[in-house]
Amino acid sequence: MKYRMIALDLDGTLLDSHGRVRPRVKEAVRKAIDLGVIVTIATGRRLHFAQKIAEEIGIDVPLVLHGGTLIQDSATGEVIYEDVMSPSLVREAVELVVNYGHQPVLFVSPSAGGGLLAGPPEKDSVLASQYLNSQRNIKRLPYEDLANAEHVLSVWVIEDHDVLGPLYEAMVKRPYYKVLLWEPEPDKPDTGYLLDILNVGASKAKALRHLAASYGISMDEVMAIGDQINDLEMMEAAGLGVAMGNAISPVRELANAVVSSNDEDGVAEAIERFVLSEEAVGDGSQVRR
């Protein structure tokens with residue numbers, strides 16, 4: 001199978017543990033682009049961060065952002081695709097979060113001006129305050145106004161794991177939400193857990209399918225590389241799902257192939273093996289299905 005598109009997660013995948021693109025990885029990506037392969041980024045991050053990495057390695061196609069709820073032009077930031085929550089789902093999510101004693105943080109689509117919305121600052125926990133004080137473009141609203149917000153991509157709650165437990169259990173019982181619980185980064189254990197509430201069905205896979213179709217590329221012709229829980233659907237939907245050596249167990253178990261870690265040029269290994277090598281254009285017999 002010849003892969004015509006590559007989708008790369010950022011943290012733990014394209015970036016090493018120091019947040020850098022390693023030289024061999026950068027070279028492999030550029031060689032793939034020179035061959036005419038569409039290389040994109042598919043990340044939970046927002047545009048301003050992903051855009052810098054895209055520029056550094058020569059990616060100039062639209063990027064899948066915010067966990068698959070957005071596709072934006074890598075140069076202009078134009079919104080090409082969005083998966084926003086309905087007003088009724090936003091209201092219910094905000095009310096639930098507040099009723100459980102937490103501060104909701106809402107992410108507004110760039111198509112409506114972007115930025116973050118949150119409730120009154122006096123309602124912040126220590127962890128919520130720590131996060132919100134590190135961010136820009138935040139607007140504080142009374143909870144009633146927050147519940148009526150429009151063009152919302154997702155609702156976040158940042159707290160300790162034990163404190164988040166009851167809210168998490170309440171949210172996962174509602175089948176119209178997609179709910180993810182993220183552990184703090186290993187080098188930032190005091191930043192708290194993140195509860196991420198989105199539309200059910202929202203995913204990197206759904207956005208990537210939209211992007212691939214815009215280029216006339218089938219998902220069978222896509223290689224997706226990742227390491228975390230929000231990469232699972234994308235890897236399963238792609239013709240070839242590749243797990244990093246540092247990936248969590250469910251990702252490695254699902255993957256068609258496992259490569260070295262992000263600190264050992266795993267992305268370069270995948271591209272060299274499945275895209276740049278002579279065997280890559282053969283019958284694909286090297287790939288475990």
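In this predicted model, helix 7 (residues 204-214) lies across strand 1, strand 2 and strand 12 (222-226), and runs at about 150 degrees to strand 1. The strands beneath this description belong to an open sheet of five strands, whose order is 2-1-12-13-14 and whose pairing is parallel. Strand 2 (38-41) and strand 14 (257-258) take the edge positions with a single partner strand each, so one side of each has no neighbour in the sheet. Strand 1 (residues 5-8) is joined to strand 2 by four bridges in the parallel sense, and within this pair Ile6 stands opposite Val39 of strand 2.

Strand 2 also plays a part in the surroundings of helix 2 (residues 47-57), since the cover over the buried residues of this helix includes helix 1 (23-34), strand 2, strand 3 (63-65) and strand 4 (70-72). The buried residues in helix 2 are Leu47, Ala50, Gln51, Ile53, Ala54 and Ile57. Viewed down the helix axis, they fall within an arc of 165 degrees, so they line one face of helix 2. The face turned away from that buried side carries His48, Lys52 and Glu55, which are exposed. After helix 2 comes Gly58, with a positive phi near 90 degrees.

A positive phi also turns up in residues other than glycine. His66 has a phi of about 50 degrees and sits in the loop between strand 3 and strand 4. Is His66 buried or exposed? With a relative accessibility of 6%, His66 falls under the 20% cut-off and therefore counts as buried. Asn137, likewise not a glycine, has a positive phi near 55 degrees. Its place is the loop between helix 4 (126-132) and strand 8 (138-140). Asn137 has a relative accessibility of 55% and so counts as exposed.

Asn137 comes up again in the second largest pocket, which holds about 390 Å³ of space. This pocket is lined by 17 residues, and those closest to its centre are Arg46, His48, Gly114, Gly115 and Asn137. His48, as noted for helix 2, is on the face turned away from the buried side. As for secondary structure, helix 2, strand 4 and strand 6 (105-108) each give at least two residues to the lining.

Another part of the model is arranged around strand 11 (193-199). Strand 11 is mostly covered, with six of its seven residues buried. Strand 9 (residues 152-159) runs antiparallel to strand 11 and is joined to it by five bridges, with Val157 opposite Leu195 of strand 11. Strand 10 (177-182) pairs with strand 11 as well, in the antiparallel sense over six bridges, and here Trp182 stands opposite Leu194.

The loop between strand 10 and strand 11 contains Thr191. At 31% relative accessibility, Thr191 is counted as partly exposed. Which residues does Thr191 contact, leaving aside its neighbours within four places in sequence? They are Leu127, Gln130, Ile158 and Pro184. For Gln130, the separation from Thr191 is 61 residues in sequence, while the C-alpha to C-alpha distance is 7.8 Å.

Definitions and conventions: Residues are numbered from 1 along each chain as its sequence is written. This is a predicted model: local features need pLDDT of at least 70, side-chain atom pairs count only at pLDDT 80 or more; totals for chains, interfaces and linings use all residues. Side-chain values use heavy atoms; hydrogens and water are left out. Two strands pair if DSSP finds at least two bridges between them. Contact means heavy atoms within 4.5 Å. Axes are lines fitted to C-alpha atoms, for helices over the stretch in contact, and angles run from 0 to 180 degrees between N-to-C directions. Buried means under 20% relative accessible area, exposed over 50%, partly exposed in between (1.4 Å probe, protein chains only). The arc is that of the directions from the helix axis to the C-beta atoms. On a 1 Å grid over the protein atoms alone, a cavity is a set of points where a 1.4 Å probe fits but cannot get out, and a pocket is an open set with protein on both sides within 12 Å along at least five of seven lines; lining residues have an atom within 4 Å of a point. Grid points are joined across faces, edges and corners, and a volume is the space filled by probe spheres set on the points.
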